[in-house]
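Hi,

Here is the structure I said I'd pass on. Have a look, and my notes follow underneath.

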Amino acid sequence: GGARGVTAACALALAKAAHPRLVLLGRSRVDVPEPAGAGADETSIKRALHAADRGLTPAELGRRATAILHAREARANIAALTAAGSEVRYLPVDVADAKAVEAALTEVRAVWGPITGFVHGAGVIHDRRLVDKTPEQLRAVWATKVGGALALLDATAVDPLRLVCFFSSVAARFGNVGQCDYALANEALNRLAGVEAVRRGSAAVVRSIGWGP
């Protein structure tokens, strides 16, 4: 979740403070093609997409417009990180895919050397009452938060980590309507951070941040 949203904002603060080399992993692609005449907002992008291909359904127009907006946001954030003094590499990776995470970090080590810390900020939400949730939605929320954390820990098992940071949520402690799965996954991150803090001792700073108000 490194190129957009709160993770990118925190990465920018880190870049300004310490100028580290940053590898951003995220599902959004940054090379999404744009139709001629695409403007700054979603409506104008949809108009341009429709003009280029009148066979697109409203749902597909929405998906493509969202992909373009996400790519723009990611590119702008990468440019801001670079301007703040960090070298930046962006790799399109789903953090829940352990093999893809391992391959990405192997590629990074070949160029930049060992990984010295990671911030896991990816997340998926499917907010619904428990009786209305599907097993697939539950798995997606769990896999991104907890599966992603475990994938990162496994992929950095041989690295000299000095920072392990998880983005959790206040919902992990107090709950939230429709978020039983999200609360569960984030509390699992909290417990995992506790285990890692004990295991690593003074060798690394380990935090699980309960985002909220």
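Asn-190 is buried: its relative accessible area comes out at 15%, and anything under 20% counts as buried. Bear in mind that this is a predicted model. Asn-190 sits in helix H7. Setting aside neighbours within four places in sequence, Asn-190 is in contact with Ser-168, Ala-172, Arg-173 and Ser-208.

H7 (180–200) also turns up in the largest nonpolar core, as one of the elements that supply at least two residues each. Helix H4 (98–112), helix H5 (135–155) and strand S4 (163–169) do so too. That core has 24 residues, and those touching the most other members are Leu-91, Val-93, Val-101, Phe-118, Leu-153, Val-164 and Phe-166.

If you want one residue to click on there, try Phe-166. Beyond four places in sequence, Phe-166 is in contact with Phe-118, His-120, Ala-149, Leu-153, Leu-189, Leu-192, Ala-193, Arg-207, Ser-208 and Ile-209. Another core, of ten residues, lies apart from the largest one, with Ala-15, Leu-22, Leu-24 and Tyr-90 among them.

Then there's the helix pair. H1 (residues 5–18) packs on H3 (residues 58–83) with axes 9 Å apart and an angle of about 10 degrees. The cut-off for roughly parallel is under 35 degrees, so H1 and H3 qualify. The crossing of H1 past H3 is left-handed. On the H1 side, Gly-5, Ala-8, Ala-11, Leu-12 and Ala-15 make the contact, and on the H3 side Glu-73, Asn-77, Ala-80 and Leu-81. Sorted by class, that contact has six nonpolar residues, two polar and one charged.

Cheers

Technical notes: Residues are numbered from 1 along each chain as its sequence is written. This is a predicted model: local features need pLDDT of at least 70, side-chain atom pairs count only at pLDDT 80 or more; totals for chains, interfaces and linings use all residues. Side-chain values use heavy atoms; hydrogens and water are left out. A nonpolar core is a set of buried Ala, Val, Leu, Ile, Met, Phe, Trp, Tyr and Cys residues joined through side-chain atoms within 4.5 Å. Buried means under 20% relative accessible area, exposed over 50%, partly exposed in between (1.4 Å probe, protein chains only). Helices (H or I, at least four residues) and strands (E, at least two) are DSSP runs, numbered from the N terminus. Contact means heavy atoms within 4.5 Å. Axes are lines fitted to C-alpha atoms, for helices over the stretch in contact, and angles run from 0 to 180 degrees between N-to-C directions. Angles under 35 degrees count as roughly parallel, over 145 as roughly antiparallel, 65 to 115 as roughly perpendicular and the rest as oblique. A crossing is left-handed if the near helix is turned anticlockwise from the far one by less than a right angle, and right-handed if clockwise. Ala, Val, Leu, Ile, Met, Phe, Trp, Tyr, Cys and Pro count as nonpolar, Asp, Glu, Lys and Arg as charged, and the others, Gly among them, as polar.
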